[in-house]
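Visitor: Before we look, I would like each label you use to be justified against its own criterion. Could you take me through the reasoning step by step?

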Amino acid sequence: MSDPSRQVPNNSEINAADLPLGGITYNKKENAIYGKYFKYVIGDDGKPRRTQVHLGRLINAELHIFRTKKRGYYTFTLENGYGEAPMSKQQSFLGEPPIFNVSQHETFHFGDAWLIDQLYKQSGLETVLDNLIPEASETLKALSCFRVLDDRAYCHVENWYCDSYARLLYPRAFIESQRISEFLSLIGEEHVYRKFFKYYLELIGKKIEIEQNISFPILIDSTDLPDSIKTHLTAISNHNGDVNNEIRLIYAVDKESKLPIYFRYIPGNIIDNTTLINTLNMLMTYDVTIEMIIMDAGYSSLNNLEQLAKANIPFITRLNKNTTIYKELMINYGKNLNQLENGFPYGARALYGRKTVIPFAGKQLYAYVLLDNHKGSIEQDKLVLKLGIGSEKTQKDIDKFESSGKFILISTEDYKLNDIIPLYYTRQLIEQTFDISKTYATLLPLRAHSEETLRGHLLISFIASVLYAMLGIKLANSLYCPCTALDKM
């Protein structure tokens with residue numbers, strides 16, 4: 001080879017780090033020689049970072065021909081990058097049989113990877129990922145594609161990649177198994193998270209002018225992620241007697257587009273009613289204006305409701321049964337709900353309810369005291385069967401029986417009884433988002449041994465969940481819609 005930086009050594013490694021285009025180093029292992037291409041890039045922190053790519057086995061030093069499992073035979077030079085190996089020269093100079101160029105004669109799984117790549121392009125998500133870590137954007141797109149299409153662990157990425165059209169779509173992806181943890185740590189860095197949400201929220205936000213804030217009506221909820229790996233995030237959590245080691249994951253979803261817009265994670269022993277305001281404050285750092293928030297009872301602490309009311313953020317929530325407001329409303333309005341004058345249709349069922357106005361934190365709130373007879377009957381039957389014949393009934397059992405099917409919604413806005421119910425139940429969209437993340441985007445099991453790689457995995461799974469939500473929008477009311485398929489499981 002004419003360039004000294006690419007001369008093959010007889011015994012040790014040659015380093016060409018001082019070359020402006022990067023360099024190629026060689027290692028001799030047994031009877032074969034292997035190459036690596038490296039270069040230095042400037043990270044977002046302004047510091048240089050070395051990246052490298054395994055070029056594979058050196059086949060012809062003069063023609064710069066290499067061979068890897070995923071590429072087959074190809075050429076690589078510092079000046080021209082990757083190229084096709086000459087057809088007449090695609091034979092081994094170390095005793096291997098001839099082979100045709102991989103791009104012309106290998107069979108790939110085409111349609112699924114092509115579909116995801118088109119979704120990247122048509123949705124604008126490709127630009128977000130390309131700008132996030134430009135030098136490794138193909139790795140990010142390949143891993144997100146893998147997370148959508150394959151439920152295996154990351155150690156199987158290379159096998160999937162070699163059989164997938166993604167191999168041609170993202171030829172510069174670093175998907176060797178020994179590099180995955182390194183890459184997950186890289187995209188899990190805080191500055192990468194911040195860049196991602198900045199670009200992503202700008203992409204999906206309803207933004208007309210540069211000065212206008214992004215605005216969403218959001219659904220918010222959390223889910224548990226069982227985790228047996230001991231980190232400072234893993235904590236014992238007790239949900240109705242179900243004790244687990246877990247991490248809590250919080251998602252915010254846009255009610256109108258049904259797209260996930262934000263996530264954060266917290267230790268598993270932190271309860272929901274202490275996390276809401278912090279989550280909203282983090283969203284606001286990205287210039288997000290919250291049009292309305294719909295949340296479950298876990299977030300309806302008096303402190304949260306007071307802060308939302310003072311911030312003039314409209315909300316709908318189900319009241320926690322342990323709050324003083326709930327108990328007072330049930331005493332005053334919860335008796336004799338099952339009356340004809342209180343009834344109204346909800347789909348094919350009849351519900352019963354009363355609406356009242358209550359003062360709260362200097363504001364006027366609307367409380368909806370409701371009864372679902374169908375659900376209440378099921379709860380009462382379960383309680384009777386659980387207690388059995390002849391068992392002593394405690395006051396707690398009696399209260400539970402009498403309150404079966406009853407619940408209270410509270411809102412900053414005035415709605416009709418038959419309008420508040422379907423509006424509140426749109427929060428089931430976020431439950432569906434969690435189900436998709438866990439079932440299709442392979443959020444679980446957590447296969448991360450450090451917080452750094454966990455953060456990278458959570459970001460990849462979030463991107464996969466966004467892709468599924470985008471597919472759901474395009475395939476709405478179709479048999480192929482992910483949400484439709486999930487409902488049938």
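Guide: Let us begin with a cut-off: buried means under 20% relative accessible area, exposed means over 50%, and partly exposed covers what lies in between. Please keep in mind that this is a predicted model.

Visitor: Why is Arg455 called buried?

Guide: Arg455 has a relative accessible area of 12%, and because the label buried applies under 20%, Arg455 counts as buried.

Visitor: What makes Glu190 and Arg455 a salt bridge?

Guide: The criterion asks for a side-chain nitrogen of Lys or Arg within 4 Å of a carboxyl oxygen of Asp or Glu; the side chains of Glu190 and Arg455 meet at 3.0 Å, N to O, so the pair satisfies the definition. The two residues belong to distant parts of the chain, with Glu190 in helix H8 (residues 190–204) and Arg455 in helix H16 (residues 451–474), 265 residues apart. Glu190, with a relative accessible area of 41%, is partly exposed.

Visitor: How do you know that Asp130 and Lys141 form a salt bridge, and which helices do they lie in?

Guide: Their N to O distance is 3.0 Å, which is set against the limit of 4 Å, and the pair therefore qualifies. Asp130 lies in helix H3 (residues 125–132) and Lys141 in helix H4 (residues 137–149), so the salt bridge ties together parts that are 11 residues apart in sequence. Asp130, at 26% relative accessibility, falls in the partly exposed range, whereas Lys141, at 6%, is buried.

Visitor: What is the closest N to O distance between Arg349 and Asp372, and where do the two residues lie?

Guide: The closest N and O atoms of Arg349 and Asp372 are 2.3 Å apart, so by the 4 Å criterion this pair too is a salt bridge. Arg349 is in strand E14 (residues 349–360), while Asp372 is in the loop between strand E15 (363–371) and H12, and the pair links parts of the chain 23 residues apart. Arg349 is partly exposed at 35% relative accessibility, and Asp372 is buried at 5%.

Visitor: What makes a network out of Asp117, Lys121, Glu126, Asp130 and Lys141?

Guide: These five residues are joined by salt bridges that share partners. Over the protein, the count by this rule comes to 16 salt bridges.

Visitor: Why is Asn312 called exposed, and what sets its phi apart?

Guide: Asn312 has 55% relative accessibility, and since exposed means over 50%, the label follows. Its phi is near 60°, a positive value in a residue other than glycine. Most residues other than glycine have a negative phi. Asn312 lies in the loop between helix H10 (302–310) and strand E12 (315–318).

Visitor: How do you know that Asn336 is exposed?

Guide: The relative accessible area of Asn336 is 57%, so Asn336 passes the cut-off of over 50%. Asn336 also has a positive phi, of about 55°, although it is not a glycine, and is found in the loop between helix H11 (324–333) and strand E13 (343–346).

Visitor: Why is Trp114 called partly exposed?

Guide: Trp114 has a relative accessible area of 37%, and because partly exposed lies between 20% and 50%, that label applies. Trp114 is found in helix H2 (residues 111–123) and, with Phe110 and Leu115, makes a nonpolar surface patch of about 290 Å².

Methods: Residues numbered from 1 in each chain as written. Predicted model: local features only at pLDDT ≥ 70, side-chain atom pairs only at ≥ 80, totals over all residues. Heavy atoms only, no water. Helix = DSSP H or I, 4+ residues; strand = E, 2+ residues; numbered from the N terminus. Buried < 20%, exposed > 50% of the residue type's maximum accessible area, 1.4 Å probe, protein only. Patch = residues over 30% accessible without salt bridge, like charges linked within 9 Å, V, L, I, M, F, W, Y side chains within 5 Å. Areas by Shrake-Rupley, 256 points an atom, 1.4 Å probe, with all protein chains shown as cover.
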